[in-house]
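Here is a walk through one model, written for someone who would rather look at side chains than at tables. Keep the structure open and follow along.

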Amino acid sequence: MENVLLGIILLAVGACLTYWKRRRVFDRTNEYGTERFPSYWRKLLSRSKDTLIAASAFVSLSAGVLAIALQYQDGWGGVILLPVYLYMLYLVL
């Protein structure tokens, strides 16, 4: 059951990071739907930070799903883990 708890925590962290990233983009968007930045360098910094947040959210969500799927590998978890195992086999070959 500790894998399930770890998976739930990782899923919650990933969801919070995704929300934070989308909220940052929404706050920069004006009423016409375009993002506004005070300077070019601020745009580069903001986009880089958004990319880092999105990558962290993706890793956290993926790790959470895999942690839960490993706990229930004999049941429905095998369906989720099948693409992971196939990709690992592809890497080995």
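## A salt bridge between two helices

Let's start with Arg 28 and Asp 50, whose side chains meet in a salt bridge at 2.5 Å, N to O. Arg 28 belongs to helix 1 and Asp 50 to helix 2, so this pair ties together parts that sit 22 residues apart in sequence. One thing to keep in mind while you look: this is a predicted model.

How buried or exposed are the two partners? Arg 28 has 13% relative accessibility and therefore counts as buried, the cut-off being under 20%. Asp 50 counts as buried too, because its relative accessibility is 4%.

## The rest of the network

Asp 50 has another partner. The side chain of Arg 24 meets Asp 50 in a salt bridge as well, with 2.8 Å from N to O. Here again the pair links distant parts of the chain: Arg 24 is in helix 1 (residues 2-28), Asp 50 is in helix 2 (residues 40-71), and they are 26 residues apart. Arg 24 is buried, with a relative accessible area of 18%. Leaving out residues up to four places away in sequence, Arg 24 touches Ser 46, Lys 49, Asp 50 and Ile 53.

Arg 28 also has a second link to show you. It forms a salt bridge with Glu 35, and the closest N and O atoms of that pair are 3.0 Å apart. Glu 35 comes out as partly exposed, at 27% relative accessibility. Put together, a network of salt bridges links Arg 24, Arg 28, Glu 35, Arg 47 and Asp 50. The count for the structure comes to 5 salt bridges.

## The chain as a whole

What does the fold consist of? The secondary structure comes to 3 helices and 0 strands, and reading along the sequence gives the pattern α-α-α. The chain is more spread out than a compact globule, because its radius of gyration is 18 Å, well over the 12 Å that the globule rule gives for 93 residues. Along the principal axes, the C-alpha trace spans about 55 × 35 × 20 Å.

Buried residues make up 18% of the 93 residues in the chain. The exposed area is about 7,300 Å², and carbon and sulfur atoms supply 68% of it. As for who meets whom, take the contacts between residues at least 6 apart in sequence: 61% of them join residues at least 24 apart.

## Ser 60, tucked against helix residues

Which residues does Ser 60 contact, once neighbours within four places in sequence are set aside? They are Leu 10, Leu 11, Val 13 and Gly 14. Ser 60 itself is placed in helix 2. With 8% relative accessibility, Ser 60 counts as buried.

## Tyr 32 in the loop

For a contrast with Ser 60, look at Tyr 32, which is placed in the loop between helix 1 and helix 2. Is Tyr 32 buried or exposed? At 69% relative accessibility, Tyr 32 counts as exposed. If you want a sense of scale, the C-alpha atoms of Tyr 32 and Ala 15 are separated by 27 Å, with their positions 17 residues apart along the chain.

## Aromatic rings

The structure holds 2 aromatic pairs. One of them is formed by Tyr 40 and Trp 41, which meet edge-to-face, 5.8 Å centre to centre and with 70° between the planes. The label follows from the angle, because planes over 60 degrees apart count as edge-to-face. Tyr 40 and Trp 41 are both exposed.

## A nonpolar patch on the surface

Which residues make the nonpolar surface patch? Met 1, Val 65, Tyr 72, Trp 76 and Ile 80 do, and the patch comes to about 490 Å². Trp 76, one of these residues, lies in the loop between helix 2 and helix 3 (77-92). Trp 76 is partly exposed, with a relative accessible area of 46%.

Conventions. Residues numbered from 1 in each chain as written. Predicted model: local features only at pLDDT ≥ 70, side-chain atom pairs only at ≥ 80, totals over all residues. Heavy atoms only, no water. Phe/Tyr/Trp six-rings, centres within 6.5 Å; stacked < 30°, edge-to-face > 60°. Buried < 20%, exposed > 50% of the residue type's maximum accessible area, 1.4 Å probe, protein only. Salt bridge = Lys/Arg side-chain N within 4 Å of Asp/Glu carboxyl O. Helix = DSSP H or I, 4+ residues; strand = E, 2+ residues; numbered from the N terminus. Contact = heavy atoms within 4.5 Å. Patch = residues over 30% accessible without salt bridge, like charges linked within 9 Å, V, L, I, M, F, W, Y side chains within 5 Å. Areas by Shrake-Rupley, 256 points an atom, 1.4 Å probe, with all protein chains shown as cover. Rg over C-alpha atoms; globule rule 2.2 N^0.38 Å.
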